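Student: Please take a close look at one part of this structure, the paired strands in the middle of the fold, and then work outward to the charged pairs. Keep it brisk.

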Amino acid sequence: RRSSRCRYRHIAAARSADYLSLCRYMQVPFDTASDDPGKSASNIDRQIWHIHGEAALPSSMVLGHYYYGMQLAAIQGYLPVMRGCYNAMHFKRTSYVPQSWVDYFTYGNIYIIGQGLNFSEMDLWWLINYKKINGRSGSITWFEPNLDRHDRHDRHMRKLLAEVYGVNVLTEKVDSDAEYIEYYRRTITAIGEMTGTASPHLVCL
């Protein structure tokens with residue numbers, strides 16, 4: 001059961017306005033009782049990161065090559081800050097607290113669903129390649145239907161590039177709307193089995 005009490009927040013550690021867009025997320029209270037009736041009810045905040053902007057905040061939207069370029073520049077400027085914080089916490093042997101969705105993408109296991117990874121989304125392709133080149137921890141699994149269909153050349157090319165960048169691509173043939181619904185249900189179940197939870201605490205969109 002999703003609560004209507006949703007709030008936008010940003011990480012206080014985002015010291016520069018240049019990185020604010022990377023650290024903004026929607027905080028959504030979530031009642032776990034509906035996830036598992038056998039457990040007592042408790043509210044756990046979910047962090048939903050709209051990485052290319054939120055319609056309710058028009059100034060946050062990333063549309064067109066100009067703004068995608070600005071987003072990529074912000075990511076490239078933020079990464080040294082992120083690495084410095086991560087290394088400092090590692091040296092002190094204390095837990096690292098991610099400050100943006102870029103931290104999760106760089107150091108965590110990523111499961112992509114409902115995201116076609118169009119070539120215009122150069123910020124995501126750059127980060128995927130960065131993760132591979134720099135040997136960062138965590139894997140990337142991309143669930144996307146119809147990537148093997150030869151009548152959809154652009155999709156097949158995206159699949160090939162993703163595999164070159166070390167992405168585990170899982171695809172299958174899906175034709176009708178009804179099949180899409182079932183496909184996404186199966187995929188959500190598969191991600192739950194991979195992560196050991198039916199409802200992840202972090203959602204990247």
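Tutor: A disulfide is a pair of cysteine sulfur atoms within 2.5 Å. By that test, a search of the whole structure, which is a predicted model, finds zero disulfides. Two of the cysteines can be placed by accessibility. Cys-23 has a relative accessibility of 1%, so it counts as buried. Cys-85, at 35%, counts as partly exposed.

Now the strand you asked about. Strand E5 spans residues 140-143. Which side of E5 is covered, one or both? Both faces are. Ile-140 and Trp-142 lie on one side, and Thr-141 and Phe-143 lie on the other. Each of these four residues is buried. The general rule behind this pattern is simple: in a regular strand, side chains alternate between the two faces of the sheet.

E5 has a partner in strand E4, residues 110-113. E4 and E5 pair in the parallel sense, over four bridges. Within E5, Ile-140 is the residue opposite Ile-110. How does the chain get from E4 to E5? It crosses through helix H3, and this β-α-β crossover is right-handed. H3 covers residues 122-133.

E5 also pairs with strand E6, residues 168-170. That pairing is parallel too, with three bridges. Here Trp-142 stands opposite Val-169 in E6.

Trp-142 also has a place in the packing. The largest nonpolar core has 28 residues. Trp-142 is one of the four that touch the most other members, along with Trp-101, Val-102 and Phe-105. The elements giving two or more residues to this core are H1, H2, E4, H3 and E5. Helix H2 runs from 101 to 107.

Away from these strands, look at Ile-51. It sits in the loop between strand E3 (43-49) and helix H1 (64-92). Ile-51 is buried because its relative accessible area is 8%, against a cut-off of under 20%. Tyr-25 is 26 residues away from Ile-51 in sequence, yet the C-alpha atoms are 8.5 Å apart.

Last, the charged pairs. In general, side chains of opposite charge can pair when their charged atoms come close. How many salt bridges does the structure hold? Three.

Start in helix H4, residues 153-164. Arg-158 and Asp-154 form a salt bridge at 3.0 Å, N to O. They are four residues apart in this helix, so about one helical turn separates them. Their exposure is unlike: Arg-158 is buried at 8%, while Asp-154 is partly exposed at 43%.

Glu-163 and Lys-159 meet at 2.9 Å, N to O. Both lie in H4, four residues apart, about one turn of the helix. Lys-159 is buried, with a relative accessible area of 11%. Glu-163 counts as partly exposed at 36%.

The remaining bridge joins Glu-172 and Arg-186, at 2.4 Å, N to O. Glu-172 lies in the loop between E6 and helix H5 (177-195), and Arg-186 lies in H5, so the pair ties together parts that are 14 residues apart in sequence. Glu-172 is partly exposed at 36%. Arg-186 is partly exposed as well, at 37%.

Definitions and conventions
Residues are numbered from 1 along each chain as its sequence is written. This is a predicted model: local features need pLDDT of at least 70, side-chain atom pairs count only at pLDDT 80 or more; totals for chains, interfaces and linings use all residues. Side-chain values use heavy atoms; hydrogens and water are left out. Buried means under 20% relative accessible area, exposed over 50%, partly exposed in between (1.4 Å probe, protein chains only). A nonpolar core is a set of buried Ala, Val, Leu, Ile, Met, Phe, Trp, Tyr and Cys residues joined through side-chain atoms within 4.5 Å. Two strands pair if DSSP finds at least two bridges between them. A crossover is right-handed if, with the strands pointing away from the viewer, the path from the first strand over the helix to the second runs clockwise. A salt bridge is a side-chain nitrogen of Lys or Arg within 4 Å of a carboxyl oxygen of Asp or Glu.
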